[in-house]
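Q: Please take a close look at one helix of this model for me, starting with the side chains that are hidden from the surroundings. After that, I would be glad if you carried on to other parts of the chain that deserve a careful look.

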Amino acid sequence: MLACLVVLVAAAPCLVVLVAAAPAAASSSQKVVFEAPRDLLNPQTRPAALTALQHLGVSGIRVILTWNDVAPTPDAKTPPPGFVATDPASYDWSQYDAVMAAAAQRKWTVLLTVSSPVPVWATAGGVDHLTRPDDLDFENFMTAVGRHFGKQVKLISIWNEPNQPQFLLPQYQAGQPVSPRIYRGLYQAAIKGLQASGNYSGMQVLFGETSPVGNSHVVAPLTFLRDALCLSSTYKMASSCSKLPMAGYAHHAYTTRAGPFYVPPGPNDVTIGVLSRLSSALSRAAAAGAIPTGTPIYLTEFGIQSFPDPIFGVPLAQQAEYLGISEHIAYENPRVKLFSQYLLRDDPTLPGPPIDAYSGFQSGLELANGTKKPSYSSWPVPLTVTRRSTSSVTFWGLVRPTAGATNVEIEAKDGTGGWKKLLTKKTNSSGYWTGHSTFRSGRVWRAVWTSPAGVTYTGSAIRAYSTAGKLQG
């Protein structure tokens, strides 16, 4: 599976203020899913990956099911004789079944994203695996998906990054976006197929899965949202369209190496630092009658790229800090119901110059060789430290592998001194906690938690940032 490659810039970020929302406005809880496709789909690496994810406190995973991988004769222009598209027995689900079984054994939630590439025989003209997938073929496929997985998977998303040309074609024609309307047809076909499967009751189906930034080849996410929902630039709905059912809008709010507070210049782009743009767009779409009122946001793919990538990555210690800040931003947005981490292990480095060598993603909690980054130890106990004044900081954190309220310790270290216990905080039933303390130049903090099973989780050193996102000395 390929995640969208966000073009990362070295320019100084535009700064936005991260203001702590009133407790009533923030999420009371926020589900988190982990995506590790290369590790989980490979039988050789799966056992070690499952062990790592359990240690990290994972309670849900995202799995991208590619139509092309399970369909028969995917490179042919016609399906094989006797093929029954709605029959699950017509497909090879084996590599996905193994992952689903492992998730069920561990009682993990599964977010299943059904996506391209698609069989050549299911596309317009039969020339590739992406151009104008046929709505009826997709409806039939989703009937088979619903019949095969519908009893064990209740959270399903339609298409990975349909605003990207590597997942859906064409994106533009004569300079105008066309992928949004293609996607609308596919989404409606998916709903029909799931309904026909007999397992649609209780399902939550997500719309969107958009990547964060547009250009002349990629349709910007808010442009995509409006066009797919038949809305004008001023959010007036076309009379030829009706309200779409959806349990939520899925989005990939990747940022740049400038950090979580980066503000993209394009008004239709949505990175984690300007998540309010998406909230506003959904409110306006609901007011126009295009989607249900209060449609939540599901951040179904996210990560911070790090060194050794010299072009797109941030220092290893800063990756852990940026991941915590990003999750905090999502938590403070009351619309966000789900956050995510992509990957467990970095993509391998390829031959050639840096732009080619690091063409994959270095957003894992481990390097490609399996060496753990600081983010690995911090991911189960994320912590943000925000400087509020010349002398004070506030904390926000989470104990991820807990099933109820628990106590977490916060330690501090000044200069070359050792770690000292600073305070103990009790989490809420979902593991979240807040606190405050004094600011000292050069001080770093970390969270430490011991599970009921006796496993101690010690986060990496976290520095303080201002409310404007600037690192504090």
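A: **A helix and its two sides**

In helix H2, which spans residues 46-55, the buried residues are Arg46, Ala49, Leu50, Ala52 and Leu53. Around the axis they cover an arc of only 165°, so they sit on the same side of H2. Please keep in mind that this is a predicted model.

Now turn the helix over. On the face of H2 that points away from its buried side you will find the exposed residues Ala48 and Thr51. What do the buried residues of H2 pack against? Their partners are two strands, S1 (31-35) and S2 (60-66), together with three helices, H1 (37-40), H4 (94-105) and H11 (374-378). If you follow the chain onward, H2 is followed by glycine 57, which has a positive phi, near 85°.

**Other backbone details**

Glycine 57 leads us to two residues with a positive phi that are not glycines. Glutamate 209 has a phi of about 60°, and this residue lies in strand S7, residues 204-210. Its relative accessibility is 0%, so glutamate 209 counts as buried. The other is cysteine 230, with a positive phi of about 65°. Cysteine 230 belongs to the loop that runs between helix H7 (221-228) and strand S8 (248-251). With a relative accessibility of 4%, cysteine 230 is also counted as buried, since buried means under 20%.

While you are looking at the backbone, check two peptide bonds as well. Leucine 169 and proline 170 are joined by a cis peptide bond, with omega at about -10°. You can locate proline 170 in the loop between strand S4 (155-158) and strand S5 (172-173). A cis peptide bond also joins phenylalanine 307 and proline 308, here with omega at about 20°. Proline 308 is found in the loop between strand S9 (297-299) and helix H9 (316-332).

**A leucine in S4**

Strand S4 also holds leucine 155. Is leucine 155 buried or exposed? At 8% relative accessibility, leucine 155 counts as buried. Leaving aside residues up to four places away in sequence, it touches Val110, Leu111, Leu112, Gln204, Leu206, Tyr298 and Leu338. Of these, leucine 112 is 43 residues from leucine 155 in sequence, yet their C-alpha atoms are 6.4 Å apart in space.

**A helix pair**

Next, look at H7 together with helix H6 (residues 179-197). The two helices pack at an angle of about 55°, and their axes are 8 Å apart. H6 and H7 are therefore oblique to each other. The crossing in which H6 passes H7 is right-handed. On the H6 side, the contact is made by Ser179, Pro180, Arg181, Tyr183 and Arg184, and on the H7 side by Phe224, Asp227 and Ala228.

**Two open sheets**

Let us finish with the sheets. One open sheet of four strands has mixed pairing and runs in the order S15-S12-S11-S18. At its edges are strand S15 (432-438) and strand S18 (464-466), each of which pairs on one side only. On average, neighbouring strands of this sheet are turned by 30° against each other, direction ignored. Within it, strand S11 (residues 383-387) and strand S12 (residues 392-398) pair in the antiparallel sense over five bridges. Valine 385, for instance, has phenylalanine 395 in S12 as its bridge partner. Which strands does H9 lie across? Helix H9 lies across S11, S12, S15 and S18, and its direction is at about 80° to that of S12.

There is also an open sheet of four strands in the order S14-S13-S16-S17, with antiparallel pairing. Strand S14 (420-426) and strand S17 (456-458) stand at its edges with a single partner strand each, so one side of each has no neighbour in the sheet. Here the average turn between neighbouring strands is 25°, direction ignored. S14 pairs with strand S13 (residues 407-414) over six bridges, in the antiparallel sense. Alanine 412 has lysine 420 of S14 as its bridge partner.

Notes: Residues numbered from 1 in each chain as written. Predicted model: local features only at pLDDT ≥ 70, side-chain atom pairs only at ≥ 80, totals over all residues. Heavy atoms only, no water. Pairing = 2+ DSSP bridges. Axes fitted to C-alpha atoms, helices over the stretch in contact; angles between N-to-C directions. Buried < 20%, exposed > 50% of the residue type's maximum accessible area, 1.4 Å probe, protein only. Arc of directions from axis to C-beta. Contact = heavy atoms within 4.5 Å. Parallel < 35°, antiparallel > 145°, perpendicular 65-115°, else oblique. Left-handed = near helix turned anticlockwise from the far one by under 90°.
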